[in-house]
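Ready for some practice in reading a protein structure? Take a look at the model below, then work through the exercises one step at a time.

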Amino acid sequence: MTLRSRELAWEGCLNVRDLGGLPTQDGGETRYGRVVRADSVRQLTDAGWMAVADYGVRTVVDLRGDYELRDDPPGDLPLEVVHVPFMESTEDEWKAIESELEAAADAAPDIVAQTRDVYLIFLRRFRSNVAAGIVAVARAPAGGVVVHCVGGKDRTGLLCAFLLHLAGVGIEDVATDYALSEERLRPRMAAWLAEAKTEAEREWVRRVSSTPAESMVAVFSELDRRCGGATEYLRGAGIDDRDLERAVARLRD
């Protein structure tokens, strides 16, 4: 029996892993080569792109916002790219959202509660964006799909958590996958920490670099309480059952 590693070495990226090989609650497991989560594929070297193509990936779902694309314009990529900003608002809306995020972070007693509360604000404010990300993965043509944002931790982490949940993976395993990003991104976060000029900036880096598994468990628990579950949250966001079935089929036969 050959055990396949979920960790992928794509030169230029730090936080890359396959969503395959995770146990499902019905005794099965998610399929390899269907969905890969990554930090920004814009960092891939030529060798990295060769590894992506060799892995069978045919579609890139880019969760970065329009403002990020302005700072780092997308070039010609050797794959189909679907741009689905996970969070996008007008400047005035962002002012209100940032104030809400700061207040939630300041009020939380620890990093677990901070991360949970910030994510819940994201999911409430950007429900249609979350739905669009799920649909983009669900409707992608045959071949592997890579989902990415800048660090592959928050936006990518939330979207992949929903995909794994739909595929029948238990929340503890979903949360464990999410938590792996902190270690993978440590070199990049260490550089950001070294560049920080004030204690407030250093505290911000510490907060955004954390991926406590307990936070993801708490997010899905709160979706159960508020919406009747993550699937009902997605239905409320406008996803129909056919696209939910396609999302499941992406990771399960």
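**Exercise 1: Two helices that meet**

In this predicted model, helix H6 (residues 155-166) packs against helix H12 (residues 241-251) at an angle of about 90°, with the axes 8 Å apart. Work out how the two helices are oriented and which kinds of residue make the contact.

*Solution.*
- Step 1: Angles from 65 to 115 degrees count as roughly perpendicular, so H6 is roughly perpendicular to H12.
- Step 2: Find the residues in contact. H6 contributes Leu-163, Leu-164 and Leu-166, while H12 contributes Leu-244, Ala-247, Val-248 and Leu-251.
- Step 3: Sort these residues by type: seven are nonpolar, none is polar and none is charged.

**Exercise 2: Checking a helix**

How far does helix H4 (residues 111-125) reach from its first C-alpha to its last? Then look at its start and its buried residues.

*Solution.*
- Step 1: H4 has 15 residues and spans 21 Å, close to the 21 Å expected at 1.5 Å a residue.
- Step 2: At the start of H4, Asp-110 brings a side-chain oxygen to within 3.2 Å of the backbone nitrogen of Val-112.
- Step 3: Buried residues of H4 include Val-118, Tyr-119, Leu-120, Ile-121 and Phe-122.

**Exercise 3: A threonine in a loop**

Is Thr-30 buried or exposed? Describe its surroundings too.

*Solution.*
- Step 1: Locate Thr-30 in the loop between strand S1 (17-18) and strand S2 (35-38).
- Step 2: Buried means under 20% relative accessible area; Thr-30 has 1%, so Thr-30 is buried.
- Step 3: The Thr-30 side chain reaches the backbone oxygen of Leu-19 at 2.7 Å.
- Step 4: Among the residues that Thr-30 touches are Leu-164 and Leu-251, which also take part in the contact of H6 with H12.

Technical notes
Residues numbered from 1 in each chain as written. Predicted model: local features only at pLDDT ≥ 70, side-chain atom pairs only at ≥ 80, totals over all residues. Heavy atoms only, no water. Axes fitted to C-alpha atoms, helices over the stretch in contact; angles between N-to-C directions. Helix = DSSP H or I, 4+ residues; strand = E, 2+ residues; numbered from the N terminus. Parallel < 35°, antiparallel > 145°, perpendicular 65-115°, else oblique. Contact = heavy atoms within 4.5 Å. Nonpolar A, V, L, I, M, F, W, Y, C, P; charged D, E, K, R; others polar. Expected span 1.5 Å × (residues − 1). Buried < 20%, exposed > 50% of the residue type's maximum accessible area, 1.4 Å probe, protein only. Polar contact = N/O pair within 3.5 Å; in protein donor to acceptor, adjacent residues only side chain to side chain. Lists of a residue's contacts leave out its neighbours within four places in sequence.
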